[in-house]
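Trainee: I'd like to learn how to read the features of a model like this one. Could you walk me through it?

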Amino acid sequence: MNEHVKSRSLHLCTHTAATLLSLLLVMVFDSTKATVATQQCGSTLLQTLKLARFAQKESVDIIKTYKASQGDMSEIICKVSLSGLPDPNISGLESSEQMSSVHSSLQEFSPHFKRVFDQQTDLQLPDSPLLDQLSVISRRSLYLDSQITVLYQQLFPNSPPLGADGGATSLPPPQNVFQQKVYGCVVLKTYKEFLSNVSKYLRTLKNQMCGINARRINMFF
Amino acid sequence: MTLNAMQLLKFTWLLIVFMSLSSWAKDVIPIPQQVSLSENLKTQQVSISWVGGEATTFDLLILRTELNDTVFYETVTVAAEASGQSKFLWTSAEPLECTSLSFRVRSRSGQLTSDWSSTQILQGNDSPTDERMQAYPQDKTVPAGSNITFCCIIGEGKSFDSFHFISESINVTRLSRRTYAATVYNLKPSRSYGHNAYCKGKTEAELYGAVIFVGYPPLFTDFICETHDLTSAVCHWTEPRKTQLLGRRQTRYSINGRNCSVVHLEQNRKQCSFPRWEENWKLLGWNPLGEYSLTDIADVRSRVVPLPPEELSTVANARNATVTWQWKLNHYVSLPLVCQVELMSSDDKTKRTFSGVGLRSATLLDLYPYEEYSVKVRCGAQQNFWRWGNWSKTISFQTDSEIPSAPDVWMWMNGDTTGQILWKPYEPRKSHGPIVSYEVTLWSPDDITRHTQIVSPETFAMPVNLSGISINNTKVIASVVAKNPAGLSPPESLGLPLHVNDLDSEAITKVDFREGAFPLSWQSDANSSCGYIVEWYEASCQRDCPVEWIKVGEEITNVSIKSDAFEPGVRYYFSLYSCSSEAPELLKRWEGYTRELAPSSSVQLSTEQQDSDILISWSEIPSTHRRGFLLGYNVYLNNGSQLTKLASLSTQENSYTVKGFPLGSYKFTVKAFTSAGEDTGGTASITLESSADWLIFEILATLGVTALALIIVTFVCYKKRKWVKSAFYPAIPEPKVPSDWSTPHGTLDVKPSPHSMVHIVEKPEWDSSKEVLVVIPEEDEDDEGQGIRDEPVDTDEPTSLRYYNQVVDERPIRPRYPDSSASSASSMDSGRTDVTYTGIQTSGSSLVFQSDSQSSSDQPLVVPESCGGADGGYRPQMQLPPENDNASLAQSHSLPESQACRSGGYRPQNNWQLDSPDEADERRSLAPSLGSPTSIASTQFLLPDQSSDELAEEKHQSSAATWLTNLLSTTKP
């Protein structure tokens with residue numbers, strides 16, 4: 001009787017130890033996996049996401065400045081819709097296609113920014129804050145585009161590299177000043193909407209690539 | 001019928017004539033041909049040209065094509081050009097794009113006109129083929145204050161909603177099916193981004209507008225061209241008014257037809273440079289609203305403005321410095337120049353001018369040693385001076401140090417041989433460098449010994465004691481020198497007085513403070529060889545005072561003393577000393593206040609009664625608390641809330657005698673006052689009492705009267721002693737006991753005295769047990785005494801009074817209570833009422849037992865409750881009413897005797913005191929015996945209790961009378 005009890009107790013202990021060992025192995029594996037994932041998605045994606053969010057915040061600020069620099073009733077000017085601007089939405093089904101779409105849109109926005117800057121130079125005093133902010137968002141879009149390119153190369157090393165020019169951008173024909181004011185506001189609003197979509201896309205991409213552990217890390221950013 | 005035919009014929013004839021004339025006229029006035037339009041959308045002008053033959057007058061009709069509204073219909077006179085065309089320039093109020101316009105022309109000759117020409121249509125942008133929403137004019141620049149008409153063409157198939165300019169909604173006029181116009185008047189200058197005008201359709205997407213820029217045409221002044229190098233030109237001008245136009249609309253400039261790159265300077269100044277000088281200069285500025293031009297004509301030599309000197313440097317000495325600079329252009333080497341050097345020190349700024357050909361340096365003289373300076377230079381052409389060039393950069397330098405000037409030395413001597421050598425800190429620029437130390441030397445011409453002491457630069461006084469100076473020395477001199485890095489200053493010497501001669505206080509003169517200073521003046525002193533010294537210090541200071549001083553020349557006999565240290569309410573002494581080779585001699589002294597204040601403290605007041613007067617005296621206020629020259633003292637009677645002025649005294653008086661005040665308490669206040677007012681005042685109180693002499697007199701008079709009265713009474717009593725004896729102390733027969741000669745210890749039954757007969761009166765309303773004792777007055781004795789004596793008062797028992805012979809019985813009174821009790825007990829047995837008296841005493845006022853009476857207040861008292869109800873009768877003191885219970889007894893114990901019997905009745909002359917509670921109980925145990933024959937033993941007479949008023953009168957009886965009564969009662973013949 002005692003022998004049987006001892007054997008049963010030994011069996012239970014052995015089973016418990018095996019369970020604990022398995023659990024420990026699973027935890028170590030999971031930790032290793034998370035570490036690798038963090039290393040993969042850590043810097044570039046998170047930096048790109050942060051940059052997109054920062055650029056989005058700047059776009060919100062510049063729209064306020066823009067409206068204040070166009071005269072009375074400029075609010076209603078910004079409600080006019082125009083065609084011929086980059087699509088704020090991100091196209092493509094695959095992630096690489098979407099990232100390529102972001103790259104293309106950023107490149108398309110760049111000449112529009114230049115056009116708006118030139119137009120506003122004719123309307124604003126040389127020390128106007130709007131001109132400074134327009135220069136800043138134009139440079140920021142280029143930097144964001146370069147970040148997207150680097151991220152694309154990291155995440156999709158086997159895909160063909162992103163195009164340098166992003167395709168020909170069609171600018172609107174010469175405009176009267178009223179049209180310029182409308183055009184500038186629509187460009188900025190579209191850019192803001194585009195950056196919002198980019199941020200959402202990058203967040204989704206981060207969740208896909210980095211997993212929960214990355215989310216935990218990202219909580220601190 | 002014939003008549004009708006004739007009329008018809010006449011009408012037909014007239015019609016033919018009229019038609020003939022009309023046909024003739026048309027054939028004569030040609031219809032304008034080849035009508036053509038040429039529009040300028042920017043200026044909103046249409047040039048209408050036609051070929052009208054020889055006609056010079058035309059009717060011009062312009063209609064809005066769609067609605068056929070007349071826009072213009074006038075007769076114009078136009079001369080035909082060489083080509084035969086006639087032209088008319090028409091300006092439209094609305095932009096030409098707003099809607100289509102129809103133009104027709106006809107020739108006119110007086111009242112005759114040709115037919116209208118064919119209609120020429122200027123197509124607007126509201127045609128159905130252009131479905132866009134539009135607004136006009138676009139990007140137009142108009143001058144401020146003008147009016148402008150906007151038009152809005154809504155989209156094809158859309159509806160118009162509203163038109164807005166800036167933030168206002170503007171009323172519109174419909175021009176065509178799709179076009180609406182609105183006019184804005186008196187436009188204000190716009191900001192750089194223009195004014196927004198827009199129209200809205202019914203939906204939010206239907207929005208279109210235009211931007212208009214409102215500003216001014218160019219305007220500028222002060223156009224001048226100058227040269228820095230005699231070759232190139234720099235032209236500048238001022239724009240007094242901004243055009244409010246920017247970007248493509250901003251003003252552009254050209255000088256002599258060449259565009260210039262405008263440099264914006266401060267204060268709306270603009271500048272443009274050209275490499276070569278020209279004699280004539282024309283500045284032209286233009287913008288969309290107009291143009292403006294100015295000219296300048298000048299020779300290059302008359303417009304030379306040198307560039308600022310560069311690379312300034314200095315070489316500085318103690319008293320001068322040389323500034324050198326370089327020229328950027330070599331042209332200046334041979335150019336006569338005039339330069340201005342601005343020299344700035346900490347508190348001064350001066351400009352010094354130098355000139356020379358190609359000037360490159362300047363020497364600055366009369367500088368202060370060891371002083372910080374800043375310097376900058378600018379130059380102009382010496383010949384044909386046009387204006388100064390710009391200032392060079394500023395550089396700083398410091399001059400070298402130099403030995404200090406002699407210090408300003410003075411002294412302060414205390415009353416003895418001690419004192420201080422004082423010297424002033426150097427004023428700026430006097431030290432000529434940082435002071436390192438001071439050296440103070442005491443020496444005498446009679447002695448080769450010198451005592452030198454070196455002190456720090458922060459020390460400005462050194463104590464001296466001349467007591468150690470040899471008595472052979474007739475003169476002691478203090479010399480002070482200052483030392484800085486450049487060396488020692490010249491010594492400043494001062495003779496010290498070996499004996500201090502001060503002035504009397506009467507010799508001090510008051511001086512007023514006027515216009516911020518104390519003006520002092522004095523007579524010139526012949527002994528003063530080197531001027532005068534005026535010192536001042538606070539008058540309250542006695543030793544080692546912080547004195548200030550100034551030294552003036554010997555030709556000066558007045559000076560105004562100013563100091564920031566002067567404070568109001570502080571007295572200052574000003575002393576004038578003569579300066580000579582000997583020690584300074586005090587010539588004169590002043591005292592003064594910058595502003596007098598009321599004294600800060602009050603006098604110390606004391607009062608004293610002198611007979612019926614009051615002497616108020618006070619001490620002087622300390623000088624530091626006077627804060628002004630005391631003018632006197634005001635004496636007030638202080639009744640607490642009001643001060644009544646009694647006197648105003650001079651400062652020489654420090655006491656005042658108040659006379660004629662009745663006795664009582666008084667409070668006096670004395671206030672010292674200056675020209676600024678009174679102090680708070682010192683207050684003292686006194687109670688004015690009758691004088692001691694008068695009191696002694698009164699006492700002696702009273703004693704004399706009393707003694708005289710006693711003598712008289714004694715004399716009368718002596719003369720009437722027999723009567724007195726018989727009246728107050730009748731002879732008591734000696735008991736004759738054959739067997740016993742000793743003094744009887746028991747009670748002695750005697751017949752009641754006729755003058756103090758006591759008998760018991762039984763009142764009908766009383767209980768039979770409540771008996772009262774009635775004293776039969778002595779007067780009644782003569783009249784009714786016999787009758788009463790024979791009349792039985794107590795029907796039950798004979799009444800007898802029992803006396804203790806006080807002379808014989810020497811036992812104390814109180815221990816007799818047992819005897820009395822025993823007597824009572826025996827009387828109970830005998831059924832008689834015995835009253836025993838040991839003396840005659842007024843109620844409650846026995847002098848003999850005054851001490852016992854007082855002590856008895858602590859003892860339980862037995863006071864008959866019924867004494868309040870007794871009215872004029874006699875009762876034994878211990879007789880208690882039957883209804884008396886213990887409670888009432890206990891209550892009555894606490895009552896004082898006077899209260900217990902105040903309402904009347906009788907009471908014992910002295911309080912009965914029970915030796916012990918047992919005795920009290922024993923007394924209470926006697927209560928059941930009331931109503932039965934009782935013997936009462938008393939050591940005192942029972943006197944009739946009087947009314948309250950009488951009692952009060954009793955208290956006012958003189959003690960002398962009581963004493964006399966007792967004296968008589970205890971006197972035996």
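Mentor: Gladly! Let's begin with a term: a salt bridge here is a side-chain nitrogen of Lys or Arg within 4 Å of a carboxyl oxygen of Asp or Glu. Keep in mind as well that this is a predicted model.

Trainee: What is the general idea behind such pairs, and how many salt bridges does the rule find across the interface of chain A and chain B?

Mentor: Side chains of opposite charge can pair when their charged atoms come close. Across the interface of chain A and chain B, the rule gives two salt bridges. In one of them, Arg249(B) pairs with Asp122(A), and their closest N and O atoms are 3.3 Å apart. Over all chains the count is 30.

Trainee: Can you show me one within a chain? Where do Asp61(A) and Lys57(A) lie?

Mentor: Both are in helix 2 (residues 43–68) of chain A, four residues apart, which is about one turn of the helix. Their side chains form a salt bridge, at 3.1 Å from N to O.

Trainee: Back to the interface, then. How do I read its size?

Mentor: The size of an interface is often given as the accessible area lost when the parts come together. For chain A and chain B, the buried area is about 1,800 Å², with 58% of it from carbon and sulfur atoms. On the side of chain A, the residues losing the most area to chain B are Ile76(A), Asp122(A) and Phe178(A), which together make up 31% of what that side buries. Counted by contacts, 20 residues of chain A touch 22 residues of chain B.

Trainee: How many residue pairs are in polar contact across this interface, and which helix of chain A gives the most residues to it?

Mentor: The rule finds twelve residue pairs in polar contact, both partners being at pLDDT 80 or more. Helix 3 (74–77) and helix 6 (177–218) of chain A each supply at least two residues to the side that touches chain B. Helix 6 gives the most, with five residues. By type, this side of chain A has nine nonpolar, seven polar and four charged residues.

Trainee: Now a sheet, please. What is the strand order of the open sheet in chain B?

Mentor: Its five strands follow the order 41-47-46-43-44, with mixed pairing. Strand 41 (508–510) and strand 44 (548–552) of chain B are at the edges with a single partner strand each, so one side of each has no neighbour in the sheet. On average, neighbouring strands are turned by 25° against each other, direction ignored.

Trainee: How do strand 46 and strand 47 of chain B run, parallel or antiparallel?

Mentor: Strand 46 (residues 571–578) and strand 47 (residues 585–593) of chain B run antiparallel and are joined by eight bridges. To find your place there, look for Ser575(B), which stands opposite Arg589(B) in strand 47.

How values were computed
Residues numbered from 1 in each chain as written. Chains lettered and ligands numbered in written order. Predicted model: local features only at pLDDT ≥ 70, side-chain atom pairs only at ≥ 80, totals over all residues. Heavy atoms only, no water. Contact = heavy atoms within 4.5 Å. Buried area = accessible area lost by both parts, 1.4 Å probe. Polar contact = N/O pair within 3.5 Å; in protein donor to acceptor, adjacent residues only side chain to side chain. Nonpolar A, V, L, I, M, F, W, Y, C, P; charged D, E, K, R; others polar. Pairing = 2+ DSSP bridges. Axes fitted to C-alpha atoms, helices over the stretch in contact; angles between N-to-C directions.
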